[in-house]
Amino acid sequence: MSRNWVKIKISDYARLSVNPLRKITQEQKVEPNPLKRSITLQLGDPTIFGNFPPPISLINALNNAVHRDKFPYNLSYGKYESRKAVAEYSKHQGLVTADDVILASGCSHAMEMCVLTLTASGENVLIPKPCYNYKTWLDGVKIETRAYNLNPEQSWNIDLKDMESLIDEKTRCIIVNNPGNPCGNVFSKDHIIDLLALAEKHKLPIVADEIYEHFVFPGIEYHSISSLSKTVPILTCSGLSKRFLVPGIRMGWIIIHDRNDSLSEVKQGLRNVSARILGPNSTVQYALPEILQNTQQQFFVNKMMKIACNAELAYGLLNQIPGLKPIKPRGSMYMMIKIELEKFPEFKSCMEFTQQLIREQSVLVFPSYPCFNYPGFMRIVLTVTNDMIEEACARIKEFCETHVVN
Amino acid sequence: MPNIISADWKLEMSTFARQTVNPHRLMVETSKVVPNPKKKVLTLQLGDPTIFKNFQHPPEAIDAIKNALVKDSFSYYPTNGIKEAREAVADYVSKNGDQVNADDIILTSGGSSSLELCFYVLANPGENILIPTPSFNYRTWLHGPGIISKTYKLDPTKNWCVDLKDLESKIDNKTRAILVNNVGNPCGNVFTKEHILDILEIAERYRLPIISDDIYEHFVFPGVEYYSVASLSKNVPILSCSGLTKRFIMPGIRMGWISIHDRHDALKEIRKGFTQMLGRNFGPNCTVQKALPEILQNVPQTFFDETVKKVQLHAMTAFKLLKNIKGLIPIEPRGAFYMMIKIEFENFPKFKSDLEFVEALTEEESVKAFPGGPCFDFAGYFRFVLTVPLDMLIEACQRIQEFCERHYMNINEIENFEPVQTQEISIQNQINKIEIAIY
């Protein structure tokens with residue numbers, strides 16, 4: 001044994017677990033322009049500027065719960081009354097009971113539980129490209145991720161031929177994010193039916209990230225994937241974070257949409273893995289029925305109107321800027337903007353482009369690579385104030401006009 | 001795994017899910033043993049003091065959470081936790097005798113989550129972590145990803161002290177850490193200062209960090225001295241796991257922490273490893289984080305003193321009653337809220353294992369306890385939880401006495417007696433038995 005204490009080395013799991021968004025925001029070494037106030041359009045946190053407060057019903061429910069909660073251990077997959085309330089809330093997905101619900105510490109945790117229950121290291125799962133950083137908890141356990149293309153020319157629809165080409169005998173499930181982050185895709189009924197046909201053909205269950213369920217702009221129809229599935233078993237993940245504007249609350253869930261009893265063993269597996277964290281906070285569990293039942297539809301309608309306005313505004317302004325091409329979102333709270341890099345020879349990547357944007361204009365956005373595993377775009381968040389959208393777009397325009405080469 | 005051309009949909013769970021077994025939860029949630037319908041069920045299983053409402057959270061905690069709700073914006077927070085909360089935890093932890101600051105603190109969703117992070121940051125599949133036997137079910141987090149648990153013995157004849165020779169013999173070149181649980185579950189062990197120094201000496205010699213499960217820190221009976229492992233470590237780096245769960249009687253709140261007690265900068269890479277893993281974003285609820293400074297600062301010492309005194313009364317009462325029962329040997333705890341009781345199987349020829357003993361106890365007397373083999377990897381014992389109401393505890397002991405008197409046999413009086421080897425039934429066999437019952 002060595003005589004000195006050497007640096008203790010970390011496991012592969014730790015080394016490979018990387019969250020590129022957190023890496024950028026928490027370890028950002030790029031200094032914004034000190035002469036310009038920073039405008040951040042990075043993290044998908046609608047609470048930052050106070051313009052998207054949570055519903056009063058949620059605050060009231062938590063206040064009531066605090067008085068009555070005795071803080072016991074609950075069943076590791078969640079208290080019965082809370083699960084029952086989630087089942088009722090989720091009936092647009094298909095009829096389920098409390099028995100089909102598993103509570104989790106946020107939607108990320110819910111997704112992680114689903115994939116780890118279905119897949120072993122060395123096997124693979126299909127994820128979209130571009131997409132949210134599912135890899136953060138998949139790379140660590142050496143589950144291979146194979147990315148299928150979303151098509152920016154067709155409202156970010158799935159390239160189903162591409163998806164099919166990735167499937168082999170070690171593929172265990174397909175992760176689908178609808179409505180989506182970062183693209184703001186909302187798939188049509190026909191498109192979802194085509195996707196389900198493919199899943200049925202290859203007998204692959206779908207893990208549906210529906211944290212943005214119902215987050216669609218006026219005039220757009222929303223369908224939960226499981227509501228259209230006759231034979232494909234679906235694990236649908238959602239939670240309070242986005243719809244109720246409370247990302248820090250860490251309350252998510254899995255709804256098990258079984259078909260032909262194919263998920264009975266998986267259900268037990270999910271209950272097993274829920275024992276690692278022993279469930280989310282008891283007070284929020286206690287408050288959950290009241291939160292889900294008492295929040296008025298008007299709250300959600302108002303919220304979507306505000307985001308839709310921001311989307312229109314940002315799209316209109318950015319569409320006029322030489323060298324940029326925004327792709328109009330149909331829901332969620334983000335927009336992807338293509339950077340025509342051939343017109344900006346100074347920058348070799350979207351990362352370089354966005355870093356310089358910070359330095360000159362103090363506008364902070366996420367580059368699509370490495371953040372969403374997709375080159376040549378940047379993502380903005382649409383939950384900042386109207387003024388900030390306007391000012392950010394004006395500064396982006398100035399920046400592009402400075403650097404564009406025709 | 002299913003053939004993709006098969007017409008059937010039959011999805012299997014992964015090995016990770018199959019091996020992530022919490023034997024306590026499994027037992028409580030899926031047991032098929034039917035209690036005696038003529039007797040009220042007395043449950044002394046789960047370590048949850050709130051169940052019968054005779055132990056409660058401090059009122060100051062409610063005030064703190066209410067105050068936090070007024071100001072809460074429910075925003076995302078830094079992945080290691082809100083700064084003010086980490087500062088408050090650093091102050092709280094530093095009182096144990098080793099100075100730490102906010103950067104040495106990571107907030108987690110409970111003690112279990114803290115332990116999981118420590119295991120996963122240090123060990124790869126195929127590598128091992130040393131855990132005590134008997135112990136809490138650390139395997140629940142280890143076996144899923146294929147980390148091996150190697151066990152070292154605690155000695156029931158010496159207040160559950162660590163068998164140091166056995167500990168040392170278990171170390172090999174794939175060992176990544178030693179887990180120490182002081183104050184302990186299920187034994188209620190409280191190690192002396194000298195004993196902790198002896199453990200540290202071994203860790204130092206082999207350059208192994210210690211993961212210290214400190215969830216029952218300070219939970220020692222009056223007259224017993226408590227030392228935190230980190231406070232006595234000169235050279236061994238310690239990762240200490242604790243939280244609000246037990247000491248503050250709030251298991252459901254899911255608020256825990258890791259404090260990093262580095263030595264010689266050995267944990268520099270480990271800190272980075274934690275930061276990366278925290279990017280998975282499974283942290284604790286934001287409101288509780290905001291309330292944490294007020295909780296840690298305002299709950300008075302009297303709350304803890306009274307809790308401990310009450311548990312001690314329960315412990316002494318149960319110990320006195322069980323000591324008189326022929327065929328049982330209770331081991332008196334010095335802290336926490338559990339007691340282990342040895343079953344002298346030579347006097348109960350009907351029962352071949354602690355599981356059988358405990359199941360029969362449930363069927364005949366409606367008393368539920370956890371068997372040592374499947375639940376704590378220590379055959380031949382069962383564990384009582386001491387936080388049930390005192391009258392329930394007394395009644396449970398009385399029923400056990402009746403049960404034992406009914407089944408007790410003096411060895412000399414048994415014709416053709418052949419001593420039953422106390423079967424070291426492996427955990428896996430026990431778990432398989434329970435799993436078969438479910439499926």
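**Close-up views of a predicted two-chain model**

**View 1. Surroundings of A:G252 in the predicted model.** Leaving out residues up to four places away in sequence, A:G252 touches A:I102, A:L103, A:A104, A:G106, A:C107, A:S238 and A:G239 (contact means heavy atoms within 4.5 Å). A:G252 lies in strand β9 of chain A, residues 252-257. Helices (H or I, at least four residues) and strands (E, at least two) are DSSP runs, numbered from the N terminus. With a relative accessible area of 0%, A:G252 is buried. Buried means under 20% relative accessible area, exposed over 50%, and partly exposed in between (1.4 Å probe, protein chains only). A:F299 is 47 residues from A:G252 along the chain, and 20 Å separates their C-alpha atoms.

Residues are numbered from 1 along each chain as its sequence is written, and chains are lettered from A and ligands numbered from 1 in the order in which they are written. In this predicted model, local features need pLDDT of at least 70, side-chain atom pairs count only at pLDDT 80 or more, and totals for chains, interfaces and linings use all residues, while side-chain values use heavy atoms, with hydrogens and water left out.

**View 2. The contact between chain B and chain A.** Chain B brings 86 residues to the contact, and chain A brings 92 residues. The area buried between the chains is about 7600 Å². Carbon and sulfur atoms give 59% of that area. Buried area is the accessible area (1.4 Å probe) that two parts lose on being put together, summed over both. B:W9, B:F74 and B:Y76 supply 12% of the area that chain B buries against chain A, more than any other three residues.

**View 3. Polar and charged links across the interface of chain B and chain A.** The interface holds 4 salt bridges. A salt bridge is a side-chain nitrogen of Lys or Arg within 4 Å of a carboxyl oxygen of Asp or Glu. B:E127 and A:K9 form a salt bridge through their side chains, at 3.9 Å from N to O. Between the chains, 34 residue pairs are in polar contact, both residues at pLDDT 80 or more. A polar contact is a pair of N or O atoms within 3.5 Å; within protein, one must be able to donate a hydrogen and the other to accept it, and residues adjacent in sequence count only if both atoms are side-chain atoms.

Several helices of chain B each supply at least two residues of the side that touches chain A, among them α1 (15-19), α3 (59-71) and α11 (286-298). α10(B) gives the most to this side, with 7 residues. The residues on this side of chain B divide into 40 nonpolar, 26 polar and 20 charged. Ala, Val, Leu, Ile, Met, Phe, Trp, Tyr, Cys and Pro count as nonpolar, Asp, Glu, Lys and Arg as charged, and the others, Gly among them, as polar.

**View 4. Aromatic pairs and a cluster.** Over all chains, the structure holds 39 aromatic pairs. Rings of Phe, Tyr and Trp (its six-membered ring) pair if their centres lie within 6.5 Å; planes under 30 degrees apart count as stacked, over 60 as edge-to-face and the rest as tilted. A:F344 and A:F353 make an edge-to-face pair, with ring centres 5.2 Å apart and planes at 75 degrees. Both A:F344 and A:F353 are buried. B:F378 and B:Y381 make a tilted pair, because their planes stand at 55 degrees, with centres 5.1 Å apart. B:F378 is buried at 14% relative accessibility, and B:Y381 is buried at 5%. Chain B also has an aromatic cluster of B:F348, B:F351, B:F357, B:F382, B:F384, B:F403 and B:Y408.

**View 5. Salt bridges within the chains.** The count over all chains is 42 salt bridges. Side chains of opposite charge can pair when their charged atoms come close. In chain A, the closest N and O atoms of A:R15 and A:D12 are 2.8 Å apart. These two residues are 3 residues apart in helix α1 (residues 12-16) of chain A, so about one helical turn separates A:R15 and A:D12. A:R15 is partly exposed at 45%, as is A:D12 at 22%. A:E340 and A:K343 form a salt bridge at 3.0 Å. Here A:E340 is buried at 16%, whereas A:K343 is partly exposed at 28%.

In chain B, B:R205 and B:E201 meet at 2.8 Å, N to O, in a salt bridge. B:R205 and B:E201 are 4 residues apart in helix α8 of chain B, so about one helical turn separates them. A salt-bridge network links B:K39, B:E364, B:E365, B:E402 and B:R406.
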